[in-house]
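Student: I have a new model open on my screen and would like to walk through it with you. Could we take it one question at a time?

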Amino acid sequence: MRTIAAILLLACLSACNGDTPEAIDERTADTTATSQGTSAPQATQEEFHPNSPFKDLPLRYDGHYREQIDNLLYLIRFFPEGIAVLVNGTSEVEAQLPPMLRRDALGDPNMGYYNVPVTVEGDSIFFITRPERGELSYRGMAPDSSRVVFLRHSHITGVRNLKEYLFVPDGPASE
């Protein structure tokens, strides 16, 4: 599965017109710079869907995408108006994480919680998060509706790693 993801990521990167990671990061930085710590507009999915930057991608909005590495969880939820909300946590607080993936999330970089604009070019998806120090850039694609694959580059440590998130549909509302 990782081999397939790596091949898909390479295809995605070549679709980015041969741009270097730094050129892509610069292009995405402008759209992300004003978003950290701000609230996204309130709206229903239907209001934005016809003009969504994601309209040609197989992304789903009725749940979130999730990656687990040992005890660590990484969740992303996309919203049709072109934003992504991300939260990181551990399996001990797993039940508390999906409700945090709200369109109007203010985010908190201290705890790995972000609300960021997303840039889409062709089938490629780009965004940047800004933790306490430095930034992390994501570039990838949604090969199908069940997963998204990103190359995450830490500008803090220089580490690049492949992240594969699998789709988890919203469950029944519990009160």
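Student: Let's start at a turn: where is D70 found, and is D70 buried or exposed?
Tutor: Happy to start there, and please keep in mind that this is a predicted model. D70 sits in the loop between strand 1 and strand 2. Residues over 50% relative accessible area count as exposed. At 70% relative accessibility, D70 is therefore exposed.

Student: What is the phi of D70?
Tutor: Strand 1 and strand 2 form a hairpin with two residues between them, and D70 is in that turn. Its phi is positive, in a residue other than glycine. The value for D70 is near 55 degrees.

Student: How many bridges pair strand 1 with strand 2, and which residue is the bridge partner of I69?
Tutor: Strands of a sheet pair through backbone hydrogen bonds, either parallel or antiparallel. Here strand 1, residues 63-69, and strand 2 pair in the antiparallel sense. They do so over five bridges, and the partner of I69 in strand 2 is L72.

Student: Moving along, which residue takes a positive phi in the hairpin of strand 2 and strand 3?
Tutor: Strand 2 and strand 3 run antiparallel and are joined by eight bridges, with I76 opposite L86 in strand 3. Their hairpin has three residues between the strands. The residue with a positive phi, near 100 degrees, is G82.

Student: How many residues of strand 2 are buried?
Tutor: A residue counts as buried under 20% relative accessible area. Strand 2 (72-79) is among the elements that give two or more residues to the largest nonpolar core. The strand is mostly covered, and of its eight residues the number buried is seven.

Student: What is the order of the strands in the sheet?
Tutor: The chain has three helices and nine strands, and the helices come before the strands in the pattern α-α-α-β-β-β-β-β-β-β-β-β. The nine strands form an open sheet with antiparallel pairing. From one strand to the next, the twist averages 25 degrees. The order is 4-3-2-1-9-8-7-6-5.

Student: Why is one side of strand 4 and of strand 5 left without a neighbour in the sheet?
Tutor: Strand 4 (113-117) and strand 5 (119-121) stand at the edges of the sheet. One side of each has no neighbour there because each has a single partner strand. For strand 4, the antiparallel pairing with strand 3 runs over five bridges, and the partner of L86 in strand 4 is Y114.

Student: Which residues of strand 4 are buried on each side?
Tutor: In a regular strand the side chains alternate between the two faces of the sheet. In strand 4, five of its five residues are buried, so both faces are covered. One side has Y113, N115 and P117, and the other has Y114 and V116.

Student: How far is the C-alpha atom of R102 from that of N115?
Tutor: R102 lies in the loop between strand 3 and strand 4, and at 46% relative accessibility it counts as partly exposed. R102 and N115 are 13 residues apart along the chain. Their C-alpha atoms are separated by 8.8 Å.

Student: Which residues have the most contacts inside the largest nonpolar core?
Tutor: Of the 175 residues of the chain, 46% count as buried. The largest nonpolar core has 22 residues, and another core of eleven residues, including V87 and L97, lies apart from it. Inside the largest core, the residues with the most contacts are L59, F78, I125, F127 and F150.

Student: Which strand gives the largest share of the lining of the largest pocket?
Tutor: The largest pocket holds about 350 Å³ of space. Of its 19 lining residues, the closest to the centre are N88, Y114, P131, L136 and R152. Strand 3 (83-90), strand 7 (136-144) and strand 8 (147-154) each supply at least two residues of the lining. The largest share, three residues, comes from strand 8.

Student: To finish, how many bridges join strand 7 to strand 8?
Tutor: These two strands run antiparallel. One pair to look for is S137 with its bridge partner in strand 8, H153. The number of bridges joining strand 7 to strand 8 is seven.

Conventions:
Residues are numbered from 1 along each chain as its sequence is written. This is a predicted model: local features need pLDDT of at least 70, side-chain atom pairs count only at pLDDT 80 or more; totals for chains, interfaces and linings use all residues. Side-chain values use heavy atoms; hydrogens and water are left out. On a 1 Å grid over the protein atoms alone, a cavity is a set of points where a 1.4 Å probe fits but cannot get out, and a pocket is an open set with protein on both sides within 12 Å along at least five of seven lines; lining residues have an atom within 4 Å of a point. Grid points are joined across faces, edges and corners, and a volume is the space filled by probe spheres set on the points. Helices (H or I, at least four residues) and strands (E, at least two) are DSSP runs, numbered from the N terminus. Two strands pair if DSSP finds at least two bridges between them. Axes are lines fitted to C-alpha atoms, for helices over the stretch in contact, and angles run from 0 to 180 degrees between N-to-C directions. A nonpolar core is a set of buried Ala, Val, Leu, Ile, Met, Phe, Trp, Tyr and Cys residues joined through side-chain atoms within 4.5 Å. Buried means under 20% relative accessible area, exposed over 50%, partly exposed in between (1.4 Å probe, protein chains only).
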